[in-house]
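I'm keeping this notebook while I click through a structure. Each entry is one thing I looked up and what I found.

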Amino acid sequence: QAQLAESGGGLVQAGGSLRLFCVASGRTFRTASMGWFRQAPGKEREFVAAHTWQKSLVYYANYADSVKGRFSIYRDNTKNTVYLQMNSLKPEDTAVYYCAGRSQNVGRVSSEYEYDAWGQGTQVTVSS
């Protein structure tokens, strides 16, 4: 089981940008599938973005419709880190953001049950 740690959350005004970090302690990060989920107060946890791979370790990104065109997920294997770049933030983006991982390819990247490692969460607050 990998250990994940998120950081980079904070308070930002609508229209601003924020970048989240997720550092994995495992030694198999290169072949790991990573995802970002978020949970707003009183709401269920929802999928945000995922970074996974197919043949020959070619990476692919997936996004929820609500963040397409605004958020970007990418990784740096030399640092065992996955990032979530968030631009054009809206108040609706306010939530606790969680990093999730699995040491192999996943099936449905948007399902929280596909992941077996989770971070503690980082708060993102977007003001009007």
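**Entry 1: a first salt bridge**

I'm working on a predicted model. I started with Lys79 and Asp76, whose side chains meet in a salt bridge, 3.3 Å from N to O. How exposed are the two partners? Lys79 is exposed, with a relative accessible area of 52%. The line for "exposed" is over 50%, so Lys79 makes the cut at 52%. Asp76 counts as partly exposed at 21%. Buried means under 20%, so at 21% Asp76 does not get that label.

There is also a network here: salt bridges that share partners join Arg38, Glu46, Arg70 and Asp93.

**Entry 2: the other salt bridges**

How many salt bridges are there? I get seven. One of them joins Arg45 and Glu112, with the closest N and O atoms 3.8 Å apart. I looked up where the two residues sit. Arg45 is in the loop between strand E4 (33-39) and strand E5 (46-53), while Glu112 is in the loop between strand E9 (95-102) and strand E10 (117-118), so this pair ties together parts that are 67 residues apart in sequence. Arg45 counts as partly exposed, at 28% relative accessibility. Glu112 is partly exposed too, at 28%.

Then I checked Asp65, which forms a salt bridge with Lys68; their closest N and O atoms are 3.1 Å apart. Asp65 is exposed, with a relative accessible area of 66%. A reminder to myself on the general idea: side chains of opposite charge can pair when their charged atoms come close.

**Entry 3: the nonpolar core**

Next I went to the inside. Which residues of the largest nonpolar core touch the most other members? The core has 34 residues, and the answer is Trp36, Leu84, Met86 and Tyr97. I also noted which elements give two or more residues to this core: strand E3 (18-24), E4, E5, strand E7 (71-76), strand E8 (81-86), E9 and strand E11 (122-127).

I picked Met86 for a closer look. Leaving out residues up to four places away in sequence, Met86 touches Gly16, Ser17, Leu18, Leu20, Arg70, Phe71, Tyr97 and Val124. Two of those names were already in my notes: Tyr97 from the core list and Arg70 from the salt-bridge network.

**Entry 4: a sheet of four strands**

What is the strand order in the open sheet of four strands? I read E1-E3-E8-E7, with antiparallel pairing. Strand E1 (4-7) and E7 stand at the edges with a single partner strand each, so one side of each has no neighbour in the sheet. Neighbouring strands here are turned by 15° against each other on average, with direction ignored.

I zoomed in on E3 and E8. These two run antiparallel, and six bridges join them. One detail I liked: the bridge partner of Leu20 in E8 is Leu84, and Leu84 is on the list of core residues that touch the most other members. Another reminder: strands of a sheet pair through backbone hydrogen bonds, either parallel or antiparallel.

**Entry 5: aromatic rings**

How many aromatic pairs does the structure hold? Six. One of them is Phe37 with Phe47, an edge-to-face pair at 5.7 Å centre to centre, with 70° between the planes. This pair links distant parts of the chain, since Phe37 is in strand E4 and Phe47 in strand E5, 10 residues apart. Are these two rings buried or exposed? Phe37 is buried, with a relative accessible area of 2%. Phe47 is buried as well, at 13%.

Phe37 also pairs with Trp118, and that pair is tilted: 5.2 Å centre to centre, 55° between the planes. Trp118 is in strand E10, 81 residues from Phe37. Trp118 counts as partly exposed, at 27% relative accessibility. Putting the rings together, pairs link Phe37, Phe47, Tyr115 and Trp118 into a cluster.

**Entry 6: Val23**

Last stop: Val23, in strand E3. Val23 is partly exposed, with a relative accessible area of 40%. What does Val23 touch, not counting residues up to four places away in sequence? I found Gln3, Leu4, Ala5, Lys79, Asn80 and Thr81. Lys79 takes me back to my first entry, where that residue met Asp76 in a salt bridge. I also looked up a distance: the C-alpha atoms of Val23 and Ala50 are separated by 15 Å, and the two residues are 27 apart along the chain.

Notes. Residues numbered from 1 in each chain as written. Predicted model: local features only at pLDDT ≥ 70, side-chain atom pairs only at ≥ 80, totals over all residues. Heavy atoms only, no water. Salt bridge = Lys/Arg side-chain N within 4 Å of Asp/Glu carboxyl O. Buried < 20%, exposed > 50% of the residue type's maximum accessible area, 1.4 Å probe, protein only. Core = buried A, V, L, I, M, F, W, Y, C linked by side-chain atoms within 4.5 Å. Contact = heavy atoms within 4.5 Å. Pairing = 2+ DSSP bridges. Axes fitted to C-alpha atoms, helices over the stretch in contact; angles between N-to-C directions. Phe/Tyr/Trp six-rings, centres within 6.5 Å; stacked < 30°, edge-to-face > 60°.
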